[in-house]
Every structure is written in C-alpha cells, then in structure tokens.
There are 2 protein chains.
Amino acid sequence: MAGRNLVGPEADALELGVVLRALADEHRRSVMTELAADRTDSERGCNSFALPISKQTQTHHFRVLREAGLITEIDYGNRKGIRLRRTDVESRFPGLLALLEAEHRNSTAPR
Amino acid sequence: MAGRNLVGPEADALELGVVLRALADEHRRSVMTELAADRTDSERGCNSFALPISKQTQTHHFRVLREAGLITEIDYGNRKGIRLRRTDVESRFPGLLALLEAEHRNSTAPR
DNA sequence: CCTCAGGTACGTATTGCATCGTACCTGAGG
DNA sequence: CCTCAGGTACGATGCAATACGTACCTGAGG
C-alpha cells in the first residue's frame with residue numbers, strides 16, 4: 001500500500017537546461033501544463049493523462065520528467081503515481097509553473 | 001547603412017513549444033540569457049557572444065531564435081545585428097526572461 | 001578591381017531522441 | 001496457482017537536429 005518514492009535531484013540541484021529539454025517535448029509538456037493547472041497537487045495516475053503513445057514510451061517520458069526534478073513518481077509495484085514537485089520547482093524557477101498554467105488554459109479553451 | 005529587418009512571427013503568434021525547443025539548446029540559451037540580462041537591449045553583433053561553434057552553425061542557431069520570435073536580426077549585407085524582442089516575449093510569456101536573466105547570473109557568478 | 005571579414009546556401013555526416021517490439025516483473029483478484 | 005493490467009528493461013529503428021566542409025554572396029577599405 002505504501003509506495004516507494006522515486007525522486008530526482010535535490011531542489012537546488014535542478015538545472016535549467018535539463019528542465020527545458022524535458023519541457024521541449026509536446027507530450028511531456030502537456031503532462032506538465034495539466035499538473036501546473038491543478039492547484040490541489042493531488043497524486044495522479046499515469047493513465048489519467050490520456051497520452052496517445054505506447055506505455056513503454058510513457059515510461060520513458062515520466063522518467064525524463066522525474067530526472068529533471070519536475071515530478072515525483074510513487075511506485076506501488078504494479079501501479080504508479082505521479083506528483084508535481086511544485087514547491088521545489090517554484091523556488092528554483094519562479095514563474096515557470098505560471099507559464100505552463102497559462103499554456104494549459106490556452107490549449108483547453110482555444111478561444 | 002540602414003539594414004533590413006528580419007522578423008519572425010507576430011507577438012501574439014509565439015508558440016511555447018517552439019520557444020522551449022529553441023531554448024533547449026545550450027548555445028542558443030547562452031545567447032538568450034545574455035540578452036535577457038542586458039537591460040539596455042542594445043543591438044549586438046553576432047560575434048559578441050563568443051560561441052565555440054563554426055559560423056555556419058551560428059547562422060543556423062540565430063535563425064532558430066528568430067523563427068521562434070525571440071530575437072530580430074538586422075541584415076547589413078556583410079554584417080548582422082541581433083536584438084532581443086523583449087516586450088513581445090514578455091507580453092506573451094511573462095516571467096520567461098526573468099528566468100533566463102537569473103540563469104545568466106548563475107553562469108557568470110558561480111558562487 | 002582586389003582582398004578580406006562576416007554571413008548564407010547546400011549537401012552531408014553524426015548525434016540525439018522519440019517510438020515501439022519483445023520479454024519480463026509486480027500485485028490484485030479470482 | 002493462474003490470469004490480467006500496469007509498468008519496466010533492453011534493443012532496434014526511424015527521424016529530426018546539430019555540426020561542419022565547400023562554395024558563394026556582400027560591403028568596406030585599400
């Protein structure tokens with residue numbers, strides 16, 4: 001029941017280059033804009049993002065986001081949880097999540 | 001003497017994906033952090049960035065930045081000027097330049 | 001006109017990255 | 001124990017991006 005926490009780098013070790021490369025991909029960015037827009041920061045399942053890619057590729061993308069320090073993955077063995085590292089990201093790169101949140105509004109409410 | 005202005009997309013047509021892909025590259029990001037940190041927004045020469053790459057590759061990178069809408073290139077024929085589109089970028093992606101400016105401080109004053 | 005420095009155009013090698021196929025692991029529930 | 005869904009590991013592949021060589025253009029200044 002209690003899952004193992006898979007964490008990335010420490011909060012102050014986040015690198016802008018790694019973060020921007022992570023956000024450069026459409027699928028990863030769509031995950032991040034969705035997370036940034038949800039102020040409750042609740043734990044999400046991996047399938048709740050409806051990514052149009054295979055599960056192997058999803059594994060890859062979530063790993064990239066985790067290693068960039070943007071999310072935490074909680075391993076339950078046969079299932080996995082995703083959580084945004086909001087305070088860490090916000091303290092290291094203030095304003096970044098606001099940009100992603102604005103982008104989420106753009107993509108969900110085209111006009 | 002008067003150079004032709006090579007512009008990219010309109011201010012409200014900037015796309016986050018294109019911008020982030022442009023900023024994902026180390027060399028292009030170093031150019032942008034330097035531009036963001038210079039509040040005078042003066043016109044810069046292409047060689048004033050001391051990029052450790054060939055001039056053909058520099059042409060490529062500046063083109064990417066221009067097509068992303070981040071800079072304007074001024075063509076003098078046998079020389080070229082670079083200028084940050086600060087107000088356009090700031091109005092479309094508020095806070096982005098502040099992130100780059102902070103990164104510039106990090107890279108120039110390690111500790 | 002000639003030279004030179006700065007830039008571009010085109011082709012190409014190489015690298016990086018996203019994607020998926022196959023095989024295997026894990027825990028829940030029959 | 002068996003099955004099944006969710007997830008990972010490893011390898012292969014295809015494509016886009018970076019990088020540079022060669023050739024050519026442009027304007028300034030002899």
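How many nonpolar, polar and charged residues does the surface near DNA strand C have? By class, that surface has 3 nonpolar, 12 polar and 6 charged residues; Ala, Val, Leu, Ile, Met, Phe, Trp, Tyr, Cys and Pro count as nonpolar, Asp, Glu, Lys and Arg as charged, and the others, Gly among them, as polar. This is a predicted model, in which local features need pLDDT of at least 70 and side-chain atom pairs count only at pLDDT 80 or more, while totals for chains, interfaces and linings use all residues. Residues are numbered from 1 along each chain as its sequence is written, chains are lettered from A and ligands numbered from 1 in the order in which they are written, and side-chain values use heavy atoms, with hydrogens and water left out.

**DNA strand C**
- Strand C is surrounded by 21 residues, and the closest are A:Arg28, A:Gln56, A:His60, A:His61 and B:Thr59; a residue is near a strand if one of its heavy atoms lies within 4 Å of it.
- Sugar or phosphate holds 62% of the strand C atoms within 4 Å of the protein, and the rest belong to bases.
- Phosphate oxygens of strand C lie 3.3 Å from a polar side-chain atom of A:His27, 3.0 Å from a polar backbone atom of A:Ser54 and 3.1 Å from a polar side-chain atom of B:Lys80.
- Helices H2 (26-37) and H3 (55-67) of chain A and helix H3 (55-67) of chain B each supply at least two residues of this surface; helices (H or I, at least four residues) and strands (E, at least two) are DSSP runs, numbered from the N terminus.

**DNA strand D**
- Around strand D there are 20 residues, with A:Thr59, B:Arg28, B:Gln56, B:His60 and B:His61 the closest.
- Of the strand D atoms that come within 4 Å of the protein, 60% are accounted for by sugar and phosphate.
- A polar side-chain atom of A:Thr59 is 2.5 Å from a phosphate oxygen of strand D, and a polar backbone atom of B:Ser54 is 3.1 Å from a phosphate oxygen of that strand.
- The surface near strand D has 3 nonpolar, 11 polar and 6 charged residues.

**Core**
- The largest nonpolar core (buried Ala, Val, Leu, Ile, Met, Phe, Trp, Tyr and Cys residues joined through side-chain atoms within 4.5 Å; buried means under 20% relative accessible area, exposed over 50%, partly exposed in between, with a 1.4 Å probe and protein chains only) has 53 residues.
- A:Met32, A:Phe62, A:Leu70, B:Met32, B:Phe62 and B:Leu70 touch the most other members.

**A:Tyr76**
- A:Tyr76 is in the loop between strands E3 (71-75) and E4 (80-84) of chain A.
- A:Tyr76 counts as partly exposed because its relative accessibility is 30%.

Conventions: A polar contact is a pair of N or O atoms within 3.5 Å; within protein, one must be able to donate a hydrogen and the other to accept it, and residues adjacent in sequence count only if both atoms are side-chain atoms.
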